[in-house]
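Subject: Handing over a structure, with notes on what was found

Dear colleague,

I am passing on the structure below, and I would be glad if you could look through it with the notes that follow at hand.

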Amino acid sequence: MKKKVVIFLFLFSLGVMVLFLWGCPPPIVKVRPPEPRIEIYGPPPHPDMVWIPGYWRHRRGEWVWVPGHWERRPKPRAVWVPGRWEPRGDGWVWVPGHWEYR
């Protein structure tokens with residue numbers, strides 16, 4: 001009986017956390033992000049590698065540059081869609097980059 005109660009409480013807590021995180025809107029930054037930096041990179045170290053461009057992250061009230069890097073494609077025809085800052089309401093919201101399969 002005690003084991004069932006512990007399992008129930010664990011699953012209930014997990015469900016509440018999922019609902020909480022699912023329902024959280026992305027944070028809105030009130031200051032316009034800086035223009036992206038120009039990054040210089042050479043040829044890919046491997047034919048299956050794709051350049052993931054750098055981006056500005058807003059952290060503790062400051063803009064911090066996250067440099068680009070090479071990443072291996074998860075599937076042969078995968079295409080990287082870069083992240084971007086979108087205007088929303090009276091601020092800006094980060095939309096993360098993702099792989100698209102074509």
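I would like to begin with V95, which counts as buried because its relative accessibility is 19%, and the limit for a buried residue is set at under 20%. Please keep in mind throughout that this is a predicted model. V95 has its place in strand β7, and, once residues up to four places away in sequence are left out, V95 touches G83, R84, E86 and R88. With G83 the separation is 5.4 Å between C-alpha atoms, although the two residues are twelve residues apart along the chain.

As for the overall build, the protein has 102 residues, of which 18% are buried, and its secondary structure amounts to one helix and eight strands. Following the sequence from its start, you will meet these elements in the pattern α-β-β-β-β-β-β-β-β. If you consider the contacts between residues at least 6 apart in sequence, 45% of them join residues at least 24 apart.

Before going further into the details, a word on confidence may help. The average pLDDT of the protein is 88, and 89% of the residues score at least 70. Among the elements, helix α1, which covers residues 2-23, has the lowest mean pLDDT, at 68, while β4 has the highest, at 98. Where pLDDT is low, the predicted coordinates should not be read in detail.

Which residues make up the largest nonpolar core? There are six residues in all, namely V29, W56, W63, W65, W85 and W92. In soluble globular proteins, nonpolar side chains tend to be buried together. One of the core residues, W65, is in contact with P36, R37, E39, G54, Y55 and W56, leaving aside its neighbours within four places in sequence.

The largest pocket has a volume of about 420 Å³. Its lining is formed by 26 residues, and those closest to the centre of the pocket are P36, G54, Y55, G83 and W94. Three of these names, P36, G54 and Y55, have already come up as contacts of W65, and G83 has come up as a contact of V95. By type, the lining divides into 15 nonpolar, five polar and six charged residues. At least two residues of the lining are supplied by each of the strands β2 (55-59), β3 (62-66), β4 (69-72), β6 (84-88) and β7 (91-95).

Two prolines in the loop between α1 and β1 (49-52) also deserve a look, P25 and P27. P25 counts as exposed because its relative accessibility is 64%, and P27 counts as exposed because its own value is 66%, the limit for exposed residues being over 50%. P25 and V93 are 68 residues apart in sequence, yet their C-alpha atoms are 9.7 Å apart in space. In a similar way, P27 and G91 are 64 residues apart along the chain, with 9.4 Å between their C-alpha atoms. Not counting residues up to four places away in sequence, P27 touches W92 and V93, and W92 is one of the residues of the largest nonpolar core.

Is R60, in the loop between β2 and β3, buried or exposed? R60 counts as exposed, because its relative accessibility is 80%. Its phi is near 55 degrees, which is a positive value in a residue other than glycine.

Lastly, V81 is found in strand β5, which spans residues 78-81. Apart from residues up to four places away in sequence, V81 touches G97, H98 and E100. Between V81 and E100, which are 19 residues apart along the chain, the C-alpha separation is 6.8 Å.

With best regards

Key:
Residues are numbered from 1 along each chain as its sequence is written. Side-chain values use heavy atoms; hydrogens and water are left out. A nonpolar core is a set of buried Ala, Val, Leu, Ile, Met, Phe, Trp, Tyr and Cys residues joined through side-chain atoms within 4.5 Å. Buried means under 20% relative accessible area, exposed over 50%, partly exposed in between (1.4 Å probe, protein chains only). Contact means heavy atoms within 4.5 Å. On a 1 Å grid over the protein atoms alone, a cavity is a set of points where a 1.4 Å probe fits but cannot get out, and a pocket is an open set with protein on both sides within 12 Å along at least five of seven lines; lining residues have an atom within 4 Å of a point. Grid points are joined across faces, edges and corners, and a volume is the space filled by probe spheres set on the points. Helices (H or I, at least four residues) and strands (E, at least two) are DSSP runs, numbered from the N terminus. Ala, Val, Leu, Ile, Met, Phe, Trp, Tyr, Cys and Pro count as nonpolar, Asp, Glu, Lys and Arg as charged, and the others, Gly among them, as polar. pLDDT is the predictor's confidence in each residue, from 0 to 100.
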